[in-house]
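Here is a short tour of one structure for you to follow in your viewer. Keep the sequence at hand as you read.

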Amino acid sequence: MIEAKRPVLAIDFDDVLVETMEPLCFFHNKMYGTRFSAASSWSFDLEEVWGCSVEEVHRRLDEFHTSSLHDESLPAKGAHEALTKFATLFELHMVTSRPDRYRERTAPLLERHFPDLFSEFHFGKEFGTKGRHFSKANVCQDIQAVMLIDDGLHNAEEVAGVGIPTLLFDRPWNQTGILPSLVTRVHSWQGQKGVYGRVMDLYRTILRD
Ligand SMILES: [Mg+2]
């Protein structure tokens, strides 16, 4: 008997699985004498928060991603426990906009914090000089994801736009008035109103259909 394929759950890396904004701000403050924090990072577009060019943001991100501070980033609270349960019901795919050359610093961090839980890692394209450089909607459609969990409002809107429900992890940089109907804001990995409860609700819906 061929075992039925489990539904695919797509999960973002930065500030969903692993808390990277806080160490990034700490690194930036140390290097550039600023006083940023994750709480004061009001935009997903760091050039707006940091007041520099997009090219300079990419250069500073490269510095951070090859630093030991990056490698010491901690997992999001409650993520491991929820994912241990999800991995028995879903195929877990990490979907990040990080360019592929960050893979060798990203994969070990994932394996350290979430060993043997993910089936595949999907990386983005090289940073562009203008606008977004990568479509998560395309990836989510290619892998037939039944849901995306992300902290980027643009990703949530785009993926919901192709009919895939998205959980938007509440962060200072994704605040907005009205969300599309397929996007649900969550404040935690834990609890019935958190990622855990929402994903388990989705699983029961899939079973019923
Ligand atoms: Mg993210």
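## The sheet

What is the strand order of the open sheet of six strands? In this predicted model, the order reads β5-β4-β1-β6-β7-β8, and the pairing is parallel. At the edges sit β5 and β8 (183–186), each of which pairs on one side only. From one strand to the next, the twist averages 25°.

For a closer look, try the pair formed by β1 and strand β4 (residues 91–99), which run in the parallel sense and share four bridges. Ile11 has Met94 in β4 as its bridge partner. Helix α9 (residues 195–208) packs on the sheet, where the helix touches β1, β6 (145–150), β7 (166–169) and β8. The direction of α9 makes about 170° with that of β6.

## The nonpolar core

Which residues touch the most other members of the largest nonpolar core? They are Leu9 and Met147, in a core of 35 residues. The element that gives the most to this core is β6, with five residues.

Leu9 is a good place to centre your view. Leaving aside residues up to four places away in sequence, Leu9 touches Phe86, Phe90, Leu92 and His93, along with Ala145, Val146, Met147 and Val199. Met147 therefore appears among the contacts of Leu9 as well as beside Leu9 at the top of the core ranking.## Two domains

The domain assignment splits the chain into domain 1 (8–19 + 75–208) and domain 2 (21–71). Taken over C-alpha atoms, the centres of domain 1 and domain 2 are separated by 22 Å.

How many residues of each domain are in contact with the other? There are 13 on the side of domain 1 and 15 on the side of domain 2. On the side of domain 1 that touches domain 2, the elements giving two or more residues are α6 and α8 (153–161). The residues on that side of domain 1 divide into six nonpolar, four polar and three charged.

## Two aspartates with positive phi

Asp15 has a phi near 60°, a positive value in a residue other than glycine. Asp15 belongs to the loop between β1 (8–11) and β2 (18–19). Is Asp15 buried or exposed? Asp15 counts as buried because 23 C-beta neighbours lie inside 10 Å, and the cut-off for buried is 20 or more.

Asp116 also has a phi near 60°, again positive in a residue other than glycine. You will find Asp116 in the loop between α6 (103–113) and β5 (120–124). With 8 C-beta neighbours inside 10 Å, Asp116 counts as exposed, since the limit for that class is 12 or fewer.

## A loop residue and its distant partner

Gln190 is placed in the loop between β8 and α9. Why is Gln190 classed as partly exposed? Gln190 has 16 other C-beta atoms within 10 Å, a count that falls in between the cut-offs of 20 or more for buried and 12 or fewer for exposed.

Along the chain, Gln190 and Gly78 are 112 residues apart, yet their C-alpha atoms are separated by 5.8 Å. Not counting residues up to four places away in sequence, Gln190 touches Gly78 and Tyr196.

Methods
Residues numbered from 1 in each chain as written. Predicted model: local features only at pLDDT ≥ 70, side-chain atom pairs only at ≥ 80, totals over all residues. Pairing = 2+ DSSP bridges. Axes fitted to C-alpha atoms, helices over the stretch in contact; angles between N-to-C directions. Contact = placed C-beta atoms within 7 Å. Domains from an automatic or database assignment. Nonpolar A, V, L, I, M, F, W, Y, C, P; charged D, E, K, R; others polar. Core = buried A, V, L, I, M, F, W, Y, C linked by C-beta atoms within 7 Å.
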